[in-house]
Amino acid sequence: MNSQNTPVHVRLWHRDFWLMSIANMMLAMSVYILVPSMPIWLMETEKFTQVEVGLSMGVFALGLFLLGPFCSWLVQRFRRNRICIYSIVGMIGCYSLLYYSQGVHNDLLEFGTILLQRFLLGATFGLAQMVLLSTLIIDTCESDKRTEANHSAAWFSRFSMSLGPIVGIIMFYYKNFDAVLLSSLSCAAIAIILILTVNFPFRTPSDTYHIFSLDRFFLPSSMPLFLNLLLIGIVVGMLMSLGLSDRFYAVIMVGFLMALLAQRFMFRDAELKSEIVTGLILLLAVLVMIYTRPLPIIWYIAPMLLGMSIGIICSRFLLFFVKLSRHCKRGTSQSMYFLGWESGIALGVGIGYALFMNDVNSLLVVSMVLTAVALLMYNYYTHNWFLKHKNR
């Protein structure tokens, strides 16, 4: 299936699918709320150095991989919706611990404590998202609409990249960091409530399953796609470390909507390679504009093009992961896409604060180089490799 177009079926958008998609968005929002505000709080209130801040934000990426090897065993051994809910409860515990330590108890937090909190938050978020994306959302739809379901549900978590930081910035500057943490906690709690409203029938576990497994976690055969997506995610994460305004993130949402329209009309019958190539060119244009022309109008054009770039690139990469996997590995391909993108974002944010916090120009130059590398890698290797190895 080399079509650029992803069909839309009204029957997919029933009550349960809506609830699970919104739960997915709320869960991702709870994490993205912290991205613009937590580094500032760590520096101004907790007196962390820029390297400590970068490591604190970047260690989240490592946590994402911690519980993945146990994902298949957990959803086979226990009720899959309960595993997701317990993971989100773990996230709430991480938020609550931080809230109590710095808000109620009013202690200066140690670097090791923040590292552990961020690592555990990444671990619980990673498991919750893997179960949600690879199992629960798919369980709510018919088998012939699962690709469309994957594509559509991913857009809801993508919207959180805009909505989450907006909430975080508003709460931080008009309230305080306590309000930011309570917002993250509330979004996670709403996700739990939405999941509880959906009935998931009991499924008899497989006769053979292993405690440690790559199933529903990691797809080694997709490494070129994974590395290419990881590189792009790092660039976007580095941009997010620039201390962008709530207006910037709001305009990114406009770019997301433009990407949806572009996919439906501009790329409907276009060459398969064109989508990601166009998205990377747009990303490069955003970096060049910010670097060379820091005019007021740029802060409207750049985020719009950035949102369009992210929407186009991520949508196509997600479908590539699905097409690369066999039918029984669809859930694993979803987790692989999630890990590549989210770990890239976290690493990019960490690198941005640790190495380039006081040198925006160097950050932009490095980002342009990485984007160019990602473009060359995709155009001359990854795309051709995908065509040779895809299964659908």
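1. Let's start at tryptophan 341. In this predicted model, tryptophan 341 is in contact with Tyr32, Met161, Leu229, Ile232, Gly233, Val236, Ile310 and Cys314, leaving aside its neighbours within four places in sequence. If you want one residue to centre your view on, this one is a good choice, as the next point shows.

2. Tryptophan 341 belongs to the largest nonpolar core, which has 137 residues. Together with Ile195 and Phe317, Trp341 touches the most other members of that core. Which helix gives the largest share of this core? That is helix α12, residues 298–324, with 14 residues.

3. Ile195 also leads us to helix α8, where Ile195 is one of the buried residues. Helix α8 runs over residues 177–196, 20 residues in total, and reaches 29 Å from its first C-alpha to its last, close to the 28 Å expected at 1.5 Å a residue. Other buried residues of α8 include Phe177, Val180, Leu181, Cys187, Ile192 and Leu194. Two serines, Ser183 and Ser184, are among the buried residues of α8 as well.

4. Please have a look at the N-terminal end of α8, which asparagine 176 caps. A side-chain oxygen of asparagine 176 lies 3.1 Å from the backbone nitrogen of aspartate 178.

5. Helix α11 can be read in a similar way. Its 19 residues, 274–292, should span 27 Å at 1.5 Å a residue, and the end C-alpha atoms are 26 Å apart, which agrees. Among the buried residues of α11 are Ile276, Val277, Leu280, Leu283, Val286, Met289 and Ile290. What covers the buried residues of α11? The cover includes α9 (223–240), α10 (246–266), α12 and α14 (360–389).

6. The buried residues of α11 also include a charged one, Glu275. Glutamate 275 forms a salt bridge with arginine 316, and the closest N and O atoms are 3.0 Å apart. Because glutamate 275 lies in helix α11 and arginine 316 in helix α12, the pair ties together parts that are 41 residues apart in sequence. Are these two partners buried or exposed? Both glutamate 275 and arginine 316 are buried.

7. How many salt bridges are there in the model? The count comes to three. Another of them joins arginine 80 and aspartate 139, with the closest N and O atoms 3.5 Å apart. Arginine 80 sits in helix α5 (residues 80–104) and aspartate 139 in helix α6 (residues 111–139), so this pair links parts that are 59 residues apart in sequence. Arginine 80 counts as buried because its relative accessibility is 13%, under the 20% cut-off. Aspartate 139, with a relative accessible area of 22%, is partly exposed.

8. Aspartate 16 and arginine 15 also meet through their side chains in a salt bridge, at 2.9 Å from N to O. Aspartate 16 is partly exposed at 22% relative accessibility, whereas arginine 15 counts as exposed at 52%.

9. A polar residue worth a visit is asparagine 24, found in helix α1 (residues 15–32). At 0% relative accessibility, asparagine 24 counts as buried. Not counting neighbours within four places in sequence, asparagine 24 is in contact with Gln129, Leu132, Leu133, Ile137, Ala153 and Ser157.

10. A word on the cysteines: the structure holds zero disulfides. Why is cysteine 94 not bonded to cysteine 84? The sulfur of cysteine 84 is the closest cysteine sulfur to that of cysteine 94, but at 15 Å the separation is too far for a bond. Cysteine 187 is in no disulfide either; its nearest cysteine sulfur, that of cysteine 84, is 15 Å away. Cysteine 94 is buried, with a relative accessible area of 8%, and cysteine 187 is buried with a value of 8%.

11. To finish, turn to valine 366 in helix α14. At 30% relative accessibility, valine 366 counts as partly exposed. Valine 366 and valine 235 are 131 residues apart in sequence, while their C-alpha atoms are 8.6 Å apart in space. Valine 366 touches Met238 and Phe356, not counting residues up to four places away in sequence.

Terms used
Residues are numbered from 1 along each chain as its sequence is written. This is a predicted model: local features need pLDDT of at least 70, side-chain atom pairs count only at pLDDT 80 or more; totals for chains, interfaces and linings use all residues. Side-chain values use heavy atoms; hydrogens and water are left out. Helices (H or I, at least four residues) and strands (E, at least two) are DSSP runs, numbered from the N terminus. The expected span of a helix is 1.5 Å times one less than its number of residues. Buried means under 20% relative accessible area, exposed over 50%, partly exposed in between (1.4 Å probe, protein chains only). A polar contact is a pair of N or O atoms within 3.5 Å; within protein, one must be able to donate a hydrogen and the other to accept it, and residues adjacent in sequence count only if both atoms are side-chain atoms. A nonpolar core is a set of buried Ala, Val, Leu, Ile, Met, Phe, Trp, Tyr and Cys residues joined through side-chain atoms within 4.5 Å. Contact means heavy atoms within 4.5 Å. A salt bridge is a side-chain nitrogen of Lys or Arg within 4 Å of a carboxyl oxygen of Asp or Glu. A disulfide is a pair of cysteine sulfur atoms within 2.5 Å.
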